[in-house]
Amino acid sequence: MSSARSPRVQALLTAAVAGIADEGLRGLTHRAVDGQAKVPAGSTSYYFRTRQALLAGVVAFIAEQEVADIEAATVSEELAGAPPVRQVADRFAGVLAHWLGPQRDRTRARLEIILLTARHSEGELGTELLRARESFVGQAQLLATALGSPDPKEGGRLVVAFAEGLTYDGVTRPGPDTTDRAALRQLLERVLLTLTR
């Protein structure tokens, strides 16, 4: 299902994400989504006939939104004249702060789904999220190249692995520093500086 989905479907998928964040995947049922979205019973099953179709819709929804977040990321205005490493770190930090702050539910849901796909070899589900991750890796590799990394491919993957670690830490150990863009930027800057050596 594409980003041209109707507002009703968008609302159902948003409700499904919130439900997964609250209850885990065991709470992903048509009835639960209807309740979370405050729509008449049967609404979710009208658009998503099976639980697998609903889960696939959620995965595509999350992947699209995360790719859009990555592509829209910008550097903070006050850092426009900062050294390139700090600008790159700030750009990544902005994405992470968004994922751990306003989009925490979506991030929790994504981590739940990633664990499912890893455990049950749900290849078709993992493909969408993998595509979103590869978009993040691609951006990181381009930025590593711009910073003069001798091995931008490996450098980009290292940065993304570190960012994923910060994401997991921020979801499982929430605190003020896990959503603070400046704090995240400082951590990312240390990793990025290793790429230029």
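These are my notebook entries on a predicted model of one protein chain.

**Entry 1: the chain as a whole**

I began with the secondary structure of the protein chain, which comes to 10 helices and 0 strands, and, read along the sequence, it follows the pattern α-α-α-α-α-α-α-α-α-α. I then looked up the radius of gyration, which is 18 Å and lies close to the 16 Å that the globule rule gives for 197 residues, so the chain is as compact as a globular protein of that length. The box filled by its C-alpha atoms, taken along the principal axes, is roughly 55 × 30 × 30 Å.

For burial I noted that 47% of the 197 residues are buried, and for the surface that the chain exposes about 10000 Å², of which carbon and sulfur atoms supply 54%. Of the contacts with a separation of 6 or more, 70% are between residues 24 or more positions apart.

**Entry 2: helix α5 and the loop after it**

I checked the length of helix α5 (residues 84-100) against expectation: at 1.5 Å a residue its 17 residues should span 24 Å, and its end C-alpha atoms are 24 Å apart, which agrees. The helix is mostly covered, with 13 of its 17 residues buried.

Moving on to the loop between α5 and α6 (104-120), I found Gly101 there, and I recorded it as partly exposed because its relative accessibility is 30%, between the limits of 20% and 50%. I also noted a partner remote in sequence, since Gly101 and Gly170 are 69 residues apart along the chain and 9.3 Å apart in space, C-alpha to C-alpha.

**Entry 3: aromatic rings**

How many aromatic pairs does the count come to? I found 3 aromatic pairs. In one of them, the rings of Tyr46 and Tyr47 have their centres 5.0 Å apart and their planes at 90°, so this pair is edge-to-face, an angle over 60 degrees being what that term requires. Tyr46 is exposed, with a relative accessible area of 57%, whereas Tyr47 is partly exposed at 32%.

I turned next to Phe92 and Phe136, which form a tilted pair, 5.2 Å centre to centre and with 50° between the planes. This pair links distant parts of the chain, because Phe92 is in helix α5 and Phe136 in helix α7 (residues 123-146), 44 residues apart. Both rings belong to buried residues: Phe92 has a relative accessible area of 4%, and Phe136 one of 5%. I also noted that Phe92, Trp99 and Phe136 form one aromatic cluster.

**Entry 4: His30 and Lys38**

I looked up His30, which is found in helix α2 (residues 30-37) and counts as buried because its relative accessibility, 18%, is under the 20% limit. A polar atom of its side chain lies 2.6 Å from the backbone oxygen of Phe48. Leaving aside residues up to four places away in sequence, His30 touches Thr44, Ser45, Phe48, Arg49, Thr50, Arg51 and Leu54.

Lys38 lies in the loop between α2 and α3 (43-47), and I marked it for its backbone: its phi is positive, about 55°, although it is not a glycine. Most residues other than glycine have a negative phi. Is Lys38 buried or exposed? I have it down as exposed, at 73% relative accessibility.

**Entry 5: helix α10**

My last stop was helix α10 (residues 181-195), whose 15 residues reach 21 Å from the first C-alpha to the last, close to the 21 Å expected at 1.5 Å a residue. At its start, a side-chain oxygen of Asp180 reaches to within 3.3 Å of the backbone nitrogen of Ala182. The buried residues I listed in α10 are Leu184, Arg185, Leu188, Glu189, Val191, Leu192 and Leu195.

Thr194 is also found in this helix, and I recorded it as partly exposed, with a relative accessible area of 37%. Its side chain reaches the backbone oxygen of Val191 at 2.5 Å. Finally, I noted that the C-alpha atoms of Thr194 and Gly155 are separated by 8.8 Å, with the two residues 39 apart along the chain.

Note on methods: Residues are numbered from 1 along each chain as its sequence is written. This is a predicted model: local features need pLDDT of at least 70, side-chain atom pairs count only at pLDDT 80 or more; totals for chains, interfaces and linings use all residues. Side-chain values use heavy atoms; hydrogens and water are left out. Helices (H or I, at least four residues) and strands (E, at least two) are DSSP runs, numbered from the N terminus. The expected span of a helix is 1.5 Å times one less than its number of residues. Buried means under 20% relative accessible area, exposed over 50%, partly exposed in between (1.4 Å probe, protein chains only). A polar contact is a pair of N or O atoms within 3.5 Å; within protein, one must be able to donate a hydrogen and the other to accept it, and residues adjacent in sequence count only if both atoms are side-chain atoms. Contact means heavy atoms within 4.5 Å. The radius of gyration is taken over C-alpha atoms; the globule rule is 2.2 Å times the number of residues to the power 0.38. Accessible areas come from the Shrake-Rupley method with a 1.4 Å probe; for residues, only the protein chains shown count as cover. Rings of Phe, Tyr and Trp (its six-membered ring) pair if their centres lie within 6.5 Å; planes under 30 degrees apart count as stacked, over 60 as edge-to-face and the rest as tilted.
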